[in-house]
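Open the model in your viewer and keep the selection panel at hand. The stops below are meant to be taken in order.

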Amino acid sequence: MSDANNATGVSGEAQAEADTPEVVHSPGSSRLQHFVRRYRGEPLAVASTVIFLLLALIAVFAPLLAPYDPNDTDLIAKFTPPLTDGHLLGTDDLGRDAFSRLLYGSRITLVAPFIAVGVGLVLGLPAGLFAGFRGGWVDVVFSRTSDAVMALPGLILAIAFIAARGPGTTNAMIAVGMGFAPRIFRIVRGATLTVRGETYIEASRSSGASTTRLIGSHVFPNILPPLIVQASVLLGFAVLTEAGLSFLGIGVQPPQASWGVLLRRGFDHLQRASWLSWPPGLMIMILTLCFQFIGDGLRDSLGRETRRE
Amino acid sequence: MRHSRKIVSALAASALVLAACSSDDDSGGSTDSVESASSDTDAAGTEAQPDDSVVATDAPDTSDAPDGSDAPVETDPPVPEVQSIGVGRSSVPVADDYDESGTFTWAYTVPVTSFDPHRGVSGFDQNWLFPVYDRLVYSSPDGGLEPMLATDWRIVDDGLGVEMDIREGVVFQDGTPLDAAAVKANLDRARSDEQSVLLPVLASLADVEVLDEFTVKLVLTGGLGPMLATLADRAGMIISPAAFDSPDLATQPVGTGPYMVEENRLGDRVIYTQFPDYWDPEVQRTEKIEFRVMRDDQTRLNALQANEIDMALVRQNQVGIAEGAGMEILAGNTPTFYNLSFNAEIPPFDDADVRLALQHAMDRALIAEGLFDGLCTAQIQHWPSGSFAYDSAFGSGLDVWDYNPDKAVELLEEAGFPDGFEFTVIVPSITGFQSIAEVLQDQFSEVGVTMNIRVVEGAQVSEEFLVAKSAEASIGSYSPSPDPDGVMTRLLLPDALGNPGHLSSDEVVALATEAANLVDTDERAEVYHELTQALIDLVPHSTPVCMQVRTEAFQPGVSGLDIYASGARDYRGVAVGS
Amino acid sequence: MLHYLIRRLLAVIPLLLIVAVMAFGLIYLVPGDPAVAVAGESATPERVEEVRIELGLDGNFIEQFRRWASEVLHGDLGTSLFSDISVWDQIEARLPATMSLVVFGLVMALIVGIPLGVIAGLRQGTWVDRLLTVLATAGIAMPAFWLATLLILFFAVNRHLLPATGYIPFSESPWEWFRHMLLPGLAIGAASAAEVARQTRSGVVSVIGQDYIRTSRAMGLSRRSIAAKHVLKNAGVPIITVVGLQVGRIIGAGLVVEQMFAIPGLGQLTIAAVQSRDIPTIQGVVLVIGSIVLFTNLLVDVSYAYFSPKLRSS
Amino acid sequence: MSDTAAVLQVKDLEVSALTDRGRVTIAAGVNLEIERGQTLALVGESGSGKTVTALAIMGLLPEPSLRREHGRIELHGEALTSMSERELSMLRGDRLSMIFQEPMTSLDPAFTVGQLIGEVLRRHRGLSRSAARAKGIELLERVGIPAASHRINDYPYAFSGGMRQRVMIAMAIACEPEVLIADEPTTALDVTVQAQILELLRSLQDEFDMAVLLVTHDLAVVAESSESVAVMYAGQIVEVASSDDLFTRPLHPYTAGLVRSIPRSDVRQRRLDAIGGRIPAPHEVAVGCHFAQRCDYATEQCATPVEIVVAEPGRRVRCCNWESLDLSESMK
């Protein structure tokens, strides 16, 4: 599923880099308060952050919160409807408590996207800095490779990788991460180019500042805002991709169960126990929406302060 | 990467050496590893038997090459009646007011990989091939072998030869006549062409002689029984020699069957239309037949409910819904069963008490009833109740190996495992098998045995459990031929491919050999009943959890249907309502 | 203009080359030595070498790739491991279905996404804008296969209004083709329409703030003509960019939706291939899909010239 | 105020702005009149409210950030302020036109110059495509663009700043408007081009007997091309006078300060005088005279609100002590 929704052009110079970050100069600390003040002004983003933290807590404390052992099968009591016999969300096709499985499922569904974005960062960030700073043929090679990788939809890339390496969450998420790398690469490269063009870089470089110090003190703070925005949007897409792979049965493999797997199992028995698919489906949407709104909130509060006359 | 045919079959074979226990299925999102009937490994002439594994219900059929031991010499073996299951019917006689110009639309889970019976690597191709190719011998629904292209056959040279009379006046779909020479050409191609996947199946066929225009003689090196059954399947399909070398034989078959391929849309559907000059017009009850590919279970159910298709395989949990939507159910026993197998060389499975303990820790009845809604018959005998080898006095055996966790714990203590032990089972990545694994995991934990589940895709199961022999245990399903000897030679005998630990007992081997060599069914039945008892004493490395039941749902107007004991999905003579 | 076209065309070639290298490289991702995996564990060393040559894995990576690439250029994508039918024939048979989905998805994105995006952009900050933005975000967040199921249950199974499964080629019956494509197109198109709406909105918002829009109003042009001509044409670049991106997204989503509607597209072929680890077919699919997306990107690049004349001459 | 000759009248205009401190008045009590064929310069430093006034006249205030609180704007007695947006849009570009400061961004890059001009002509004069094109060429020639018949098919990026300003002027005068508002038309141009543009405006004004409101912060521009001047400071008009009187006999201290700060070639001067302090932000504006805190002649009385009074026929000033001040000698 091709993904990020910023208007980065597709390829070539003509792209409308709508989100090329404007250089922010104000000193660190006050910028943080400034960011917090503006972020608090974004209702949707704040609500999403709260929900996300709640889900993270649920994932961590799932064993305590889950009323039943998620793997306890009870074939006689299978397909019990919600709110009966002490099963808040009923039981699945093997008689396991759907609510407990939903709580445990949150663990993979919350971790998987971070693996994907982590891989994306590990690949995209250094490459972006290197290409941005070094320029020349390095930039051309890296940029063209990133354009080529972006030509392949995320799910196709994941499937090709799984075909070779075999199914499983980690393989799936590594592949999805590889699909994210180009998007991260473009942001980092864009920011690095902008910063490199700034005069004060020339000044500090001439005064003997080492490249790493340059990157650390000047480049990094400036690529952080767009990077965080992009990362949160990509987290949303990773959740959907994981659900897609689980639907196809090649993502998370049992006995592990993610919300995607629960949604798939819900489908298999849709007409007999339709309530099974709603909770995981809704949770996937809510989590994806959280990441989207957090992304929007971050973009508005971190982004360039447009001065209106 | 130029692939020569040889490589294709080699790759297919090695990557997918599917002995008994591997599985393939086709349910949506499941592994769809496709077996090949050829195997390079020259283990005692065994061949990779396409397995009829199932996702919680009946999967595509089996009988790629039912190579059971030598079928009884007489031409008309006793008729093992197929027990009714209490759900739907096992056969639907032809209605008298069917629509002669109608189209029968059927949805299946896997596309056809090739219309060349000799080279198609998928064990499911025969369902697509049945309408186009007649076979020398016809395997009737009740498992008997009846004439088809071979009108009659006689055993000669005391069991090392078969003379067959070829039906006269039969014409191929390209107009060329069928004669003994064409039959010889086919059998020679099937057993000599390097890319043929039927080589091992026809290993015991030494030569084919044309006695006269419509008589051939098959010279064998042994195994007469299995040969006749083999000629009832892909090995017996006769292709028009003129089409042997045509490049599009894989997509445009030329056989003698009742229907011709009018259109083959890759991965979507095949549309067959009546072959006007067919020799048995009585079975051509529809103008056209359309086989469509629908991988996902839910999609097939949707198509049935939106009456876009006449018939399709349904899973156990869909039977109720299909009936609720006005569909009728065709259901019947099959020789296929779910099984939990161990490598008896890897401790602690070398200890009979441990194996017996696990038998008592397994609640077969709950699994059959709870997981499969009764559409799976819990039993411990390896042959279906319809088979003559089934000892009805012994019955399901659930009393012998009853669900008794306390006894299991006792046995474990005796065997030196007071607080149980831990092992890992490999399971194909198909929802049905994972459900069984998860239930067994729960049941074994009651007796202190921790079973870890490792999910791999289909081909990997046989690769690790049977070839590499690295896995301690595996869960899958096994579908032998209707003849009981098939189970022995390929699963239970020491050198069987499906027996990585070579677990057996002299008594079992002796009884199995004796039964294989006998001819009269009643006599063989006696020996198999003794063999069942011998197996109980042995506590074999692989025992059934329950015997699968095939369930298909069809629109009320459809008739002329049968459940084939061989597991084949042959819609010969199907009719649709107006 | 021609110069710009040629430059854009030449820019695609290296990309195609990289996609081809990635597709070819897949075989090396197979754990262990691919030749051994093919020849089988128990195969003799000679056997393994024989297989290595057959699979074209002898010699160094460059030679292998050159040989594979030359075969590809002659239209030979190799043969699927599990059927006698060549990979290209398999892919060619499935292209019409996938392309139909892409067409339907794009049309949805255009006729639903763009108007909603323009309206939200023009009425920025109003409740209309907020409603449409949340709707669009929800559209992106909803898994396509869930929407597909609800559509099937509602329209096909319970009401027989539209077919629940199947694909009818356009050549056979345009009307049936349309009826069969409607539900899957809707299921796949929703997310694309949402994506396009979001992007169009931000494009319109940024254009409306421009000085030349104020000049147009000062010259007394009507609101409608300003929106239709000046705003849309200048917002064209970001809009056409995101529309172009939808092709990849739709083919990706097709993997799941095709299975639910039993549509014989590239998605079905890919799933079958991944489950039987049929690497040649996967390589072929990756190459074809990559080329389709790159070709679409080229079209988008070229269309930039229409939207920004400055580009045309550069 | 005789309104017989007046083409455009602004009566008691007040405009407010939405800031993070809520709604704040950024211009109040603005009264202006422009007569046919005359140029009124509206002078003030940036932030004085002059551009806001111009936008208010055109009805182009971007809601909700800027809003006209009250006041009447009349074109030949017709009240623009009571017209619907549709009616106003029929009028803009036809009888009342405006040109802007930034030529580089004020022309739509995606359309040819011919299309841009053609659009105005087709909208207000219903000309056919070919007629509009012919008139377009004529207009381009009129505003001094060479090889007009070829350049009409060029896109804005192909024109220099000065040329683009000429195109904008061509669009504005296409329908021979009665009033032309020019918001700092030359600020973004270099000096030589500035003079040409001002000369062009002057000649167009004579040709169509147009009333021109010239918004600028540059007194040099005022001296050259306007008959009368209105000086704005912190949202208020502080002095209105003929341009000659303004430079010779400014009545308001702020005006005097402005005039003194013009570098004069004809007089040897020591150091340029600058007015101390800075312009108050809208919410910091005093109740009384807004200039009091920076005025050298401020008295207590200046703390009370001061109205603009007619000092002489055609001259107004908003300073309570204007009579007692003699600012002329400081002009020497």
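The tour goes through a sheet, a helix pair, a covered helix, a chain contact and a note on confidence. Keep in mind throughout that this is a predicted model.

**Stop 1: the sheet of chain D**

Select chain D and show it as a cartoon. Its open sheet has 4 strands, ordered β2-β1-β4-β5, with antiparallel pairing. The edges are β2 (22–35) and β5 (78–79) of chain D, each of which pairs on one side only. Now select residues 6–19 of chain D, which form β1; this strand and β2(D) pair in the antiparallel sense over 10 bridges. To look at a single bridge, pick D:Ala17, whose partner in β2(D) is D:Val24.

Next, add residues 50–58 of chain D, helix α1. This helix packs on the sheet and touches β1, β2 and β4 (66–75) of chain D. The direction of α1 makes about 115 degrees with that of β1(D).

**Stop 2: two helices of chain C**

Select residues 223–261 (α10) and 279–307 (α12) of chain C. How do their axes lie? They come within 9 Å and cross at roughly 175 degrees. An angle over 145 degrees counts as roughly antiparallel, so that is how α10(C) and α12(C) run relative to each other.

Show side chains at the contact. On α10(C) the contact residues include C:Val237, C:Ile240, C:Val247 and C:Ile251, and on α12(C) they include C:Ile289, C:Ile292, C:Tyr304 and C:Phe307. Sorted by class, this contact has 10 nonpolar, 7 polar and 1 charged residues.

**Stop 3: a covered helix**

Stay in chain C and select residues 266–275, helix α11. Is this helix mostly covered or mostly open? It is mostly covered, with 10 of its 10 residues buried. Among them are C:Leu266, C:Leu269, C:Ile271 and C:Val274. To see what they pack against, display α5 (87–122), α10 and α12 of chain C, and α6 (154–165) of chain A. After α11(C) comes C:Arg277, which has a positive phi, near 50 degrees.

**Stop 4: chain A against chain B**

Colour chains A and B separately. Their contact takes 22 residues from chain A and 20 residues from chain B. On the chain A side, the largest share, 3 residues, comes from helix α10 (residues 259–268) of chain A. That side divides into 10 nonpolar, 6 polar and 6 charged residues.

**Stop 5: confidence in chain B**

Colour chain B by pLDDT. The average is 79, and 82% of the residues score at least 70. Then select residues 1–84 of chain B, where the pLDDT is below 50. Beyond near neighbours in sequence, this stretch has 339 contacts in the model.

Conventions:
Residues numbered from 1 in each chain as written. Chains lettered and ligands numbered in written order. Predicted model: local features only at pLDDT ≥ 70, side-chain atom pairs only at ≥ 80, totals over all residues. Pairing = 2+ DSSP bridges. Contact = placed C-beta atoms within 7 Å. Axes fitted to C-alpha atoms, helices over the stretch in contact; angles between N-to-C directions. pLDDT = per-residue confidence, 0-100. Parallel < 35°, antiparallel > 145°, perpendicular 65-115°, else oblique. Nonpolar A, V, L, I, M, F, W, Y, C, P; charged D, E, K, R; others polar. Buried ≥ 20, exposed ≤ 12 C-beta atoms within 10 Å, placed from the backbone.
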